[in-house]
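Let's take a friendly walk through this protein, pocket by pocket and strand by strand. Have the structure open and follow along.

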Amino acid sequence: MNTSATTLIDLDWETFDPWRIQAVRHRLSDHPLLQPDQLVALGKRFQGSTRLFTFNNEAGADANFDDVGRLYPNRKSAADTLQGINEAKAWMLLRHVQDDPTYRGLVDLAMDPIQPLIERKDPGMHYRAGWIFVASPHTTTPFHIDRNHGILLQVRGTKKVYVWDAEDIEVCSEHARDVFHARHDLGLVKWDEAFRERAHVYTVGPGMGVYMPITSPHMVETGDEPSITISLTYSTTATRRNAMRHVVNDLLYRKGIKPVPVGKRPLVDTLTYAAASVMVATHGTGSHLPACPSLAHPSAYALAD
């Protein structure tokens, strides 16, 4: 880790709270690897692999993110979509770009300088990943939650980011989070137009972004131009503990026991984390896919799944 590198992501680090949504500024928009020609080349390398995920822009906020690629297929190749993104009427995600040696360098360039700033309040960073989103004008990223802290950075075009507090159980229930962490199932994460009134809304252009804590529900709409965005995600000791507690709560729920919500009783949190640790160590429930691989093996970089 190069801690002497230039910081390219700006946040108010004195008031930084890892569980609070915050605006971000950055200086990555002109980076060569985030320009269209290089993204086309990356798309060609990813073609035919699970690192490429795409759908057409008939999908709305209410589309189930697990099924959106099947229900709203984009049949163009990665190269054709990326080269003609203005007219493609498509959304494309280049997943786990840290698996590509060149782009792992970009992830490290952005994350190395801010890791010590983050770890002052949220130690144990691991499971780094990079995700590059390219979308046509007037395209929606469906409502969903993610399993890591994330820093969304806008590179080209504009988009409106709707994000809700991670603890807003009116928008996403505790049980929906339990199921998501245990099985990566977004079936209980349901969109309602009334949610817009409860959201933090950020209109972001190049050089702007949003920090979103783990399982903060969000939905995104692009503007009148094609959009390029990079999201940098990571886990910490605290997010790993949070996820493992949700895994145990899902198991209890399936056995007919109503669990105590995560974060409500410290003693219960301690006991559920201990139970989750035993399950992982003995290769029981929660220690294998679809539960996040980082629960069993907290590697430096995320594993493509």
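How many nonpolar, polar and charged residues does the lining of the largest pocket have? Please keep in mind that this is a predicted model. By class, the lining splits into 16 nonpolar, 11 polar and 6 charged residues.

## The largest pocket

The volume of the largest pocket is about 790 Å³. Its lining is made up of 33 residues, and those closest to the pocket centre are Phe65, Leu93, Trp131, His144 and Asp146. If you would like a starting point on screen, select these five residues.

Several strands take part in this lining. At least two residues each come from E3 (52-56), E4 (90-94), E5 (126-135), E6 (140-144), E7 (149-156), E11 (218-222) and E12 (227-235). The largest share, 3 residues, is supplied by E7.

## The second largest pocket

Now turn to the second largest pocket, with a volume of about 390 Å³. Here 17 residues form the lining, and Glu167, Glu174, Asn242, Val262 and Gly263 lie nearest the centre. Which elements give two or more residues to this lining? They are two helices, H7 (174-183) and H8 (237-254).

Of the elements involved, H8 gives the most, with 4 residues. Sorted by class, the lining of the second largest pocket holds 7 nonpolar, 4 polar and 6 charged residues.

## Strands E3 and E4

Both E3 and E4 help to line the largest pocket, and these two strands are also joined to each other by 5 bridges. They run antiparallel. Across this pairing, Phe53 stands opposite Leu93 in E4. Leu93 is a residue you have already met, as one of those closest to the centre of the largest pocket.

Is E3 mostly covered or mostly open? Mostly covered: 4 of its 5 residues are buried.

## A four-stranded open sheet

Next, look for an open sheet of 4 strands, in the order E6-E11-E8-E9, with antiparallel pairing. Why do E6 and E9 (200-204) each have one side without a neighbour in the sheet? These two strands stand at the edges and each has a single partner strand, so one side is left unpaired within the sheet. From one strand to the next, the twist averages 15°.

The partner of E6 in this order is E11, and 3 bridges join the two strands. In this antiparallel pair, His144 stands opposite His218 in E11. His144 also belongs to the group of residues closest to the centre of the largest pocket, and E6 and E11 each supply at least two residues of its lining.

## Gln35, a buried loop residue

Gln35 sits in the loop between strand E2 (22-26) and helix H1 (36-46). Why does Gln35 count as buried? Its relative accessible area is 19%, and buried means under 20%.

What is Gln35 in contact with, leaving aside its neighbours within four places in sequence? The contacts are Ser29, Asp30 and Arg156.

## The chain as a whole

Stepping back, the protein chain has 9 helices and 12 strands. Of its 305 residues, 56% are buried.

How do contacts span the sequence? Among those between residues at least 6 apart in sequence, 83% join residues at least 24 apart.

Definitions and conventions: Residues numbered from 1 in each chain as written. Predicted model: local features only at pLDDT ≥ 70, side-chain atom pairs only at ≥ 80, totals over all residues. Heavy atoms only, no water. 1 Å grid on protein atoms, 1.4 Å probe; cavity = no way out; pocket = protein on both sides within 12 Å on 5 of 7 lines; lining within 4 Å. Points joined across faces, edges and corners; volume = space filled by probe spheres on them. Nonpolar A, V, L, I, M, F, W, Y, C, P; charged D, E, K, R; others polar. Buried < 20%, exposed > 50% of the residue type's maximum accessible area, 1.4 Å probe, protein only. Pairing = 2+ DSSP bridges. Contact = heavy atoms within 4.5 Å. Axes fitted to C-alpha atoms, helices over the stretch in contact; angles between N-to-C directions.
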